[in-house]
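Reader: Could you walk me through how the labels in this model are earned? I'd like the cut-offs next to the values.

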Amino acid sequence: MTSDSSLPAAIPSIVQPAPEVSPVPQVRFKGESGRLLLLLPSETEVVSSAATWTDIWQQLKQRLNAGERFWQPNTPVHLIARDRLLDGRQLQSIADALTEAQLQLKRVYTSRRQTAVAAATTGLSVEQQSPVAHLNQPEESGQALAEPLYIQTTVRSGMEVRHPGTVIILGDVNPGSTIIADGDVLVWGMLRGVVQAGAAGNTRCVIMALRMEPTQLRIADFVARAPEAPPNLYQPEVAYVISDSIRIIRAADFSKERLLPPVSSDIEAEE
Amino acid sequence: MSRILVVTSGKGGVGKTTTTANLGMALAQRGHKVAVVDADFGLRNLDLLLGLENRIVYTAVEVLAGECRLDQALVRDKRQPNLALLPAAQNRTKDAVTPEQMKKLVGALTKAFHYILIDCPAGIEMGFQNAISPAREAIIVTTPEVAAVRDADRVVGLLEANDVKRMYLVINRLKPAMVEQDMMMSVKDVQEILAIPLLGVVPDDERVIVSTNRGEPLVLSENPSLAAVAFSNIVRRLEGEKVPFLDLTAPQDDLFSRLRRLFRGRSKP
Ligand SMILES: Nc1ncnc2c1ncn2[C@@H]1O[C@H](COP(=O)(O)OP(=O)(O)OP(=O)(O)O)[C@@H](O)[C@H]1O
Ligand SMILES: [Mg+2]
C-alpha cells in the first residue's frame, strides 16, 4: 500500500482464528448446462447464523442487481430450496424478482412437504426430494473451484460475498463489507473492506485492487492491515503471500516479480 | 404523480427529523401540497419540530384501526396551510404497524398531496422496513463522521435491495473549519464512499437547535441562516433546479454579504 513497492507492506504473519466460525449463509447462483440453479442456504446448515427470509431476500435482490453475467435473457431457473420453508407469497416474490431480471423460474426442488405444496399452489412445478439427496449439493471439500463470480456493484457496508471460487468485483468494496473467496479476489475499484482470498487454505491466491485501502486483507491463514499513514499516491496493487507474510506490490511490478525464481521455493511447492 | 420520499440514515440523531421538517416546510412554501409522515412510532418528534404537538388528536394507528378517518388524523399547519402532518402514535412500538399498512396509508395520501415525506426511525429493523416500504425515492442524511457514513452506506445497500433506487445525499452538521484542519471527513470523502447524487450540505449551526426547541423550522425565519439557505437549496435541487453549492468555507463575517448576493440573484425573474 505504500508507493514504495520495495518495502513489503505487511505485518508479521498471524495464524488467525478460522473465519469459518459462523459464516452468513449465502444465496448463490450457479450455471449448469444451459440453466441456472438458484441455491438457497439450508435452514439447518449453520444453526448459529441461520439466514432469515429477509436476509435471503436481500441477498437475492443484491445478486440480481449486481448483474451477474452468467445468463442470457429468459434462462430457465431451478430453485434449489433444500430444507427451507417457503410460503406461497415468498415463492411468488422470488418468481417475480427473477422475471424482473428476465429470468424464468421453472421448477422448485425442496425436501419440505409444505414448501412443495405452496409451490404447487403457486402454479410452479415442484420436485420433492429426500432431505439428504440434494441436487447439486454445493461446497463439498476437495472439489475444483466454482466458476468465477463476476459482479458489477458497489459492495456496501454490511454486505458479505462468499464464493467457493474467484470473485471479480466491478465496483468499490466499501468499509464494513466482506469478501471471502476460495480463489483470488479482483477488485476493479477501491478496496476498503475486509477481503480474504484462498479462504480454503490456498496461499497462492492473490488479491488485486485498483486502489488498496483495506480494513484487512487475508490470504489463507495470513492477515495484513493497511499501514496507519495512507500513501499520497494510490495505484493498482497486488497482495500475495511470500515468506510467511502478505506483501503488497505495485501491479506493474507483480508480473515481473512472479516470473523471477521464487526466493523460497517451499511456498510454490506447497499443496 | 406524487413523489414519495423517505428520509433515512441508519444512525440515530444525525438530523432526519430536522431535515424532514425543513424540507416539508420549504416545499410547502413553494406551493406544493405536502404531507409529512412520522414513521418513528414510539419515539415521535416530528410534531415537536413543527410545533404541532398540541394539535394532535388522532394518529396513524387510529386511522389503521378504523377509529377515525385519515383527514381527521392529519394536522394542518396554521402558518403554512399547504403542509400537513400525519402523526405517529407515541404509546405504541414499531411493531404496531406493518409495511403493508404503511403502503396503504401513504397510498391514500397521494390522492391529496404532491409530496409525501416519511421521517424514518434510526436503525434497520422493523420501523425502518415500515418507513421505506411505501417510498419511491430516498433522502439519505448523514453527518461527516465515519460511523454515520458506514451506517448510511448500509442503508443505501438495503434500499437498493428493496427497489428504492433513486437516492439523494444530504450531509448535515458539516464544520468547515474542522474539515480544513483535516479533523473531519470532507464532502468529497463522504461522496467517495456513498456514491449517490449530492442534494446539499447543511452546516452545523446553533440556530438549528434553537429552531428545534421552538418548533419553528428554520426556513420560516425572516432573515435566514446559512443552514436555512442550505435547506431551501436542497428543495430546489430536489425539484431539478441547478443551484450552485454554498461556499461554507468562507469566513463567517462574510456571511451576510454572501446571503444578500444570493437573494439578489434569486429575486431576478
Ligand atoms: N445542522 C445542524 N446543526 C446543529 N444541530 C443540528 C443540526 N441538525 C440537527 N441538529 C440537532 O441534532 C439533534 C438531532 O436531530 P434530529 O432529531 O433531526 O435527528 P434524527 O436523525 O431525527 O434523530 P433520531 O434518529 O433520534 O430520530 C437535534 O437536537 C437537532 O437540533
Ligand atoms: Mg428523528
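**Where the two chains' helices meet**

Author: Trp57(A), Gln58(A), Lys61(A), Gln62(A) and Asn65(A) of α1(A) meet Gly157(B), Leu158(B), Glu160(B) and Ala161(B) of α7(B), where contact means heavy atoms within 4.5 Å. This is a predicted model, so local features need pLDDT of at least 70, side-chain atom pairs count only at pLDDT 80 or more, and totals for chains, interfaces and linings use all residues. Residues are numbered from 1 along each chain as its sequence is written, and side-chain values use heavy atoms, with hydrogens and water left out.

Reader: Why are α1(A) and α7(B) called roughly perpendicular?

Author: Helix α1 (residues 53–65) of chain A and helix α7 (residues 146–161) of chain B pack at about 85°, axes 8 Å apart. Roughly perpendicular covers 65 to 115 degrees, so the label fits α1(A) and α7(B).

Reader: What makes the residues of that α1(A)–α7(B) contact nonpolar, polar or charged?

Author: Ala, Val, Leu, Ile, Met, Phe, Trp, Tyr, Cys and Pro count as nonpolar, Asp, Glu, Lys and Arg as charged, and the others, Gly among them, as polar. That gives three nonpolar, four polar and two charged residues for α1(A) with α7(B).

Reader: And why are α1(B) and α11(B) called roughly perpendicular?

Author: Helix α1 (residues 16–29) and helix α11 (residues 226–238) of chain B pack at about 65°, with axes 9 Å apart, so they are roughly perpendicular too. Their contact residues divide into six nonpolar, three polar and no charged.

Reader: How much of chain A counts as buried?

Author: 49% of its 271 residues, buried being under 20% relative accessible area (1.4 Å probe, protein chains only).

Notes: Chains lettered and ligands numbered in written order. Buried < 20%, exposed > 50% of the residue type's maximum accessible area, 1.4 Å probe, protein only. Axes fitted to C-alpha atoms, helices over the stretch in contact; angles between N-to-C directions. Helix = DSSP H or I, 4+ residues; strand = E, 2+ residues; numbered from the N terminus. Parallel < 35°, antiparallel > 145°, perpendicular 65-115°, else oblique.
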